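Me: I should like to learn how to read the features of a protein model. Could we take them one at a time?

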Amino acid sequence: LVVPFAVVAVLVGVAAPAAVPAGIAAAVAGGVALGLGRYLAARAETEHYAAERRREEEETVEYEDRERWEVAAILHRYGVRGDALRLAVDSICSDTKRWVDFMMRFELDLKEPEPVRAARGAATAGASAAVAGLLPVLPFLGGGAPGQALMVSALLTGAGLLGFGWLKARGDGQAPIAGALQRLLAGGIAAAAALVARMAAG
C-alpha cells in the first residue's frame, strides 16, 4: 500500500501520465516480492527441518545410548518415573520413526512443515498484497483532478493500513486497535519520507 501510494503521489505532480502505470507496477512488484519472500522462507524452514531430522536419524544409530537417555530425561521432566519411564522409553525407541518424531518435537521443538500449504499461503499473500497495492491507484483511473484524486488515494491508503493492521493484530492475539494505529503510523512515516525525499531531490 505505502509504496504504490508514494509512487503515484510523487509522480502525479511531475509526470502525471506515468503515475498510474508506475503505481500498478509497484503494486504488482510488491505482491510478487512478498509472495516470493514467503515461499523462500517456507522452503528454508522445510530444508532446515529435513537436515535436523537426518541428523537425529543418524544419532539414534551412532549414539543410541545417549539418545535413549535424552528420551528418558524428557519424559522425566513430565513426571514419568520408575517402571513407567522404562516402558515408555522402550516403546518410543522400538520404532525409529516414532523415536525421531519424538526427538524432533520434544527435544528440538520442531514441527514438520507443510510445503504445499506454505506455497499456497505464499501465493495468497502475494496476490492479496498486489490487489491491496492497487487501492492508492484507483482514484487516478477516473480522470478527475489530480489533487482530488491524491486526497482520495491517501484516504484509501490510510483505511487499508488500518484494516490490515487490525486484522494482523487480531490474528496475532494482540490489541486490534493498537495494531491498526501502529500500522497506520508506520505507513504514514514511510510515505512522508518518500515525499520528503522527492522534494529534496527537486
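**Reading charges and nonpolar groups**

Reply: Let us begin with a charged pair in this predicted model: the side chains of Arg-86 and Asp-90 meet in a salt bridge, with 4.0 Å from N to O. Both residues lie in helix H4, four residues apart, which is about one turn of the helix.

Me: What is the general idea behind such a pair, and which residue in helix H3 forms a salt bridge with Asp-90?

Reply: Side chains of opposite charge can pair when their charged atoms come close. Here, Arg-68 forms a salt bridge with Asp-90, the closest N and O atoms being 2.6 Å apart. This pair links distant parts of the chain, since Arg-68 is in helix H3 and Asp-90 is in helix H4, 22 residues apart.

Me: How many salt bridges does the whole structure hold?

Reply: A search of the whole structure finds 15. Some are joined: Glu-52, Arg-55, Glu-56, Glu-59, Arg-66, Glu-67 and Glu-70 are linked in a network of salt bridges.

Me: How should I read nonpolar side chains, and which helices supply at least two residues each to the largest nonpolar core?

Reply: In soluble globular proteins, nonpolar side chains tend to be buried together. The largest nonpolar core here has 11 residues, among them Leu-75, Val-89 and Phe-102. Helices H3, H4 and H5 each supply at least two residues of this core.

Me: Is Leu-167 buried or exposed?

Reply: Leu-167 counts as exposed because its relative accessible area is 53%, and the cut-off is over 50%. Leu-167 belongs to a nonpolar surface patch of about 630 Å², to which helix H7 gives the most, with four residues.

Note on methods. Residues are numbered from 1 along each chain as its sequence is written. This is a predicted model: local features need pLDDT of at least 70, side-chain atom pairs count only at pLDDT 80 or more; totals for chains, interfaces and linings use all residues. Side-chain values use heavy atoms; hydrogens and water are left out. Patches are made of residues with over 30% relative accessible area and no salt bridge: like charges are joined within 9 Å, nonpolar side chains (Val, Leu, Ile, Met, Phe, Trp, Tyr) within 5 Å. Accessible areas come from the Shrake-Rupley method with a 1.4 Å probe; for residues, only the protein chains shown count as cover. Buried means under 20% relative accessible area, exposed over 50%, partly exposed in between (1.4 Å probe, protein chains only). A nonpolar core is a set of buried Ala, Val, Leu, Ile, Met, Phe, Trp, Tyr and Cys residues joined through side-chain atoms within 4.5 Å.
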